[in-house]
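User: Could you take a close look at how two of the helices pack in this one, and then walk me through the sheet as well?

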Amino acid sequence: MTLSPNTPVLVGIGVLNQRETDVAKADEAVALMIRAAQAAGEDSGAPQLLRDVKRISVPRGVWNYSNPARLIGEAVGAPQATTLLAEIGILQQGLFADACQLIAAGDIDTALVVGGEAKFRALQATIQGIEAPETAQTEAPDILLEPEQEIWSEVESDAGLGMPVGYYALMESALRHATGEDIESHRDRVAALYEGMADVAKDNPHAWARDGMSADQIRNASPKNKMLAFPYTKYHNSQWNVDQAGALLFCSVAKAEAMGIPREKWVFPLASTESNFMVNTSQRVDLGGCPGARLAGKKALELAGMTVDDIDLLELYSCFPSAVQIYAREIGISLDQQITVTGGMTFGGGPLNNYVLQSTARMAELLRGQPGKKGYVTSVSGMLTKQGFGVWSTEPNPNGFGFADLTAEARAEAPPLELVKVDAGAGKIVGCTVLFQGDNPWRAVVVVTLPDGKRTVAYSENADLMADAMKEEFVGRTAQLKDGVFSL
């Protein structure tokens, strides 16, 4: 087929792992990003392409750089590039779509998306009681992308919710109730799901943890695997104490041909979709559902001329088990297959806000080795707040790169329920977890639907009630409410 000269194509991938315990020898995050960008240039076979980059986009990390894209551009010979910083709450898939849309429109011919973290370096510095300095920077980026609202509410935080693990554990309880599983069987199944992901990490040369892990090790609390929010232990969580960076180098077909980039290096973005409808977890009609994932996930396949059955390689975003299961449930994907190409965010490594760069880079590597196969990569932002999807192949989309934003459709299908504080009353529990502090249960937290259809969130610090919440199904039962505290 004849390709439009403005067809976007991924030509360079760079993935970097650093496990250096000597802080003085360890690179800071921006240095890792620069190395990843350089690796992407080398990978393309035309490293000079980096000098022609017109746009450099970076998702915000734990670091304090104000415009890391400028430092990257200067280091790779593209100081003229437009710089973009995407704050936490912006989909990483959206940065790929932005680059591809600009290339397809003929506005630019080359773009670079780079992300990285040095949390392992920072952890080593804390353990050793020394400093881990990073480059100081004050200049603003040319473009700053920010989410339009917060991803949690005062009612939720007053009940004790803060870290993402609590919110995702609430979603997990809703999934468990929906499937009718008992608590112990559910824990067994989820642990087995993650054991399979640990097995994939063994064969991923870029994975952070490649030794594998048994379901029992993942499922049960231990000194190295503390319970964080029932039923989630540490090994159900994204591992963010990693030094990892990833870079994706895009250009137009015309540019790739002009630079002599070998055809076997090309990986085409077939489609990119997203839903940016922001709803607090406790305001969702179904805590175990995600209309945005269903709408955007299926639209990505449609734009790529595919169905679920046509997916050859799959990456389900895996910050927590409920994210994996909800995406699979909404899109119609069976979990009885390999669901990750990296090993997931626990074992492959989950750098805070750039994991999708790592997963997409790994997907592109595998697709290059399997010409004609199709890869499907999913994205999450926040507490399953935003959803993104990318379809990739070494063969182009006959209809050109496809993009769709399903935000309006998701908003129309599932408007949020009103969230209120309750002085006294009763309602039906739709989500439940027990939050831990150290080794000890701290608070049982429930999301409750009130008789008038509104929602509230309540907690209890009663030791017997917390113990019962980890043995008996609370979802579906009636909670008595008084001043933000619940009882049964």
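Analyst: Sure, keeping in mind that this is a predicted model. Let's start with helix 7 (residues 183-202) and helix 11 (residues 321-331), which pack at an angle of about 90° with axes 11 Å apart. An angle of 65 to 115 degrees counts as roughly perpendicular, so that is how helix 7 sits relative to helix 11. On the helix 7 side, the contact is made by His 186, Arg 189, Val 190, Leu 193 and Tyr 194, and helix 11 brings in Pro 321, Val 324 and Gln 325. Sort the residues of that contact by character and you get five nonpolar, two polar and one charged.

Now for the sheet. It's an open one with five strands in the order 10-11-12-9-13, and the pairing is mixed. Strand 10 (313-315) and strand 13 (402-405) are the edges; each has a single partner strand, so one side of each has no neighbour in the sheet. On average, neighbouring strands here are turned by 10° against each other, ignoring direction.

Further in, strand 9 (residues 268-275) and strand 12 (residues 386-393) are an antiparallel pair, joined over seven bridges. Ala 271 stands opposite Val 391 of strand 12.

Two helices lie across this sheet. Helix 3 (residues 92-104) lies across strand 9, strand 11 (374-381), strand 12 and strand 13, and runs at about 125° to strand 9. Helix 13 (residues 355-368) lies across strand 10, strand 11 and strand 12, running at about 180° to strand 11.

How values were computed
Residues numbered from 1 in each chain as written. Predicted model: local features only at pLDDT ≥ 70, side-chain atom pairs only at ≥ 80, totals over all residues. Heavy atoms only, no water. Axes fitted to C-alpha atoms, helices over the stretch in contact; angles between N-to-C directions. Helix = DSSP H or I, 4+ residues; strand = E, 2+ residues; numbered from the N terminus. Parallel < 35°, antiparallel > 145°, perpendicular 65-115°, else oblique. Contact = heavy atoms within 4.5 Å. Nonpolar A, V, L, I, M, F, W, Y, C, P; charged D, E, K, R; others polar. Pairing = 2+ DSSP bridges.
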